[in-house]
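User: Please take a close look at one part of this model: the empty spaces in and around the protein. Explain each term as you use it.

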Amino acid sequence: MTIVVPLLWMVLIAFQQPRAIIAPGWRFEFSLHNFAEVFNPNTVFGSQVLNSLIIVVAATGLTLVIATFASYSLSQLQWSRRVVLGVLSGAALLQVIPPMTLVPGLYATLTNIGLVNTLGGLILVNTVFNLPFALIMTKFSFDALPVELKESASVDGTSEFGVFRRIMLPLAMPGISAVGIFTAIQVWNEFLFGLVFTSGGRTAPITVGIAALIQPQEIRFGGMAAIGVVTAIPIIILAIAANRQIVSGLVGGAVKG
């Protein structure tokens with residue numbers, strides 16, 4: 001109830017006439033005015049939603065590609081135990097460092113390579129911060145696979161890349177898919193980097209745009225609710241629909257690993 005009630009209230013406010021939102025008492029007057037106001041061609045919110053979609057797709061894809069190759073290497077290519085533990089320890093350590101502490105260094109780095117205030121910069125930063133978790137979890141997925149499968153394929157003359165692409169990757173795909181869904185949700189909800197590494201407007205993600213609706217002189221409740229419905233409801237539906245796969249994919253590999 002603590003989750004459902006605020007969501008239902010947000011939906012009601014989104015379809016409410018602006019004057020009825022702040023009027024004394026409560027009466028519902030259905031209207032699409034809030035959506036028309038925030039998503040008309042003269043505003044930046046449509047572009048910001050598109051920016052968020054591009055960042056999510058690119059950062060999630062890049063994260064999964066790097067994490068899958070790296071985790072397969074750590075799991076199946078007979079690295080020494082010291083190397084594997086060193087990489088996993090480094091990845092785990094990055095998870096506990098507050099992102100805010102790294103913002104000054106990241107800002108200087110992105111400025112030097114010309115990626116401040118660009119989607120490329122946000123894609124790169126989101127990839128870096130989600131990669132450690134993805135690496136650890138996808139390694140669990142490869143660890144859970146029987147080593148006999150790889151040995152049998154190698155005996156038949158299949159190359160290492162062939163074993164990875166035809167045998168190991170399809171079997172590990174449930175866990176990789178779960179990591180991908182979790183990463184996409186994390187990137188979609190990211191706010192700090194979008195706020196710091198962009199100047200707002202049409203270059204920012206939608207999470208920054210929502211915050212811009214809160215001004216000292218005015219708080220646009222209707223606009224915030226309308227954007228909230230467009231941005232939050234789809235990701236909630238995705239999380240609910242993929243909940244079983246996320247749990248089985250993440251926990252299954254971890255337990256067997």
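Analyst: Start with the second largest pocket, which has a volume of about 190 Å³. A pocket is an open set of points on a 1 Å grid over the protein atoms alone, with protein on both sides within 12 Å along at least five of seven lines. Its volume is the space filled by probe spheres set on the points, which are joined across faces, edges and corners. The model is predicted, so local features need pLDDT of at least 70 and side-chain atom pairs pLDDT 80 or more, while totals for chains, interfaces and linings use all residues. Residues are numbered from 1 along each chain as its sequence is written, and side-chain values use heavy atoms, leaving out hydrogens and water.

Now look at the wall of this second largest pocket. Lining residues have an atom within 4 Å of a point. Here they include Pro18, Ile21 and Ile22. His33, Asn34 and Glu37 are also part of the lining. So are Glu218, Ile219, Arg220, Phe221, Gly222 and Gly223. The elements that give two or more residues are α2 (18-22), α3 (33-38) and α12 (221-241). The lining divides into five nonpolar, four polar and three charged residues. (Nonpolar covers Ala, Val, Leu, Ile, Met, Phe, Trp, Tyr, Cys and Pro; charged covers Asp, Glu, Lys and Arg; the others, Gly among them, are polar.)

Move on to the largest pocket. Its volume is about 410 Å³. A total of 18 residues line it. Nearest its centre are Pro99, Phe129, Asn130, Gln186 and Phe193. Several helices share the work: α5 (81-96), α6 (99-112), α7, α9 and α10 (192-196) each supply at least two lining residues. α7 gives the most, with six residues. By class, the lining of the largest pocket has 13 nonpolar, four polar and one charged residues.

Next comes the closed space. A cavity is a set of grid points where a 1.4 Å probe fits but cannot get out. The search of the whole structure finds one cavity of 30 Å³ or more. The largest cavity has a volume of about 60 Å³. Its lining includes Ser52, Ile55, Leu122 and Asn126. Val187, Trp188, Glu190, Gly194, Pro205 and Thr207 belong to the lining too. Two or more of the lining residues come from each of α4 (45-76), α7 (119-143) and α9 (160-189). Five residues of the cavity lining are nonpolar, four are polar and one is charged. Both α7 and α9 thus appear again, after supplying residues to the largest pocket.

Now step back to the whole chain. It has 13 helices and zero strands. (Helices, H or I of at least four residues, and strands, E of at least two, are DSSP runs numbered from the N terminus.) The C-alpha atoms fill a box of roughly 75 × 45 × 30 Å along the principal axes. Of the 257 residues, 38% count as buried. (Buried is under 20% relative accessible area, exposed over 50%, partly exposed in between, with a 1.4 Å probe and protein chains only.)

Two loop residues complete the view. Gln78 sits in the loop between α4 and α5. Its phi is positive, about 60 degrees, although Gln78 is not a glycine. Gln78 counts as exposed because its relative accessibility is 69%. Asn117 lies in the loop between α6 and α7. Phi of Asn117 is near 65 degrees, again positive in a residue other than glycine. Asn117 is partly exposed because its relative accessible area is 27%.
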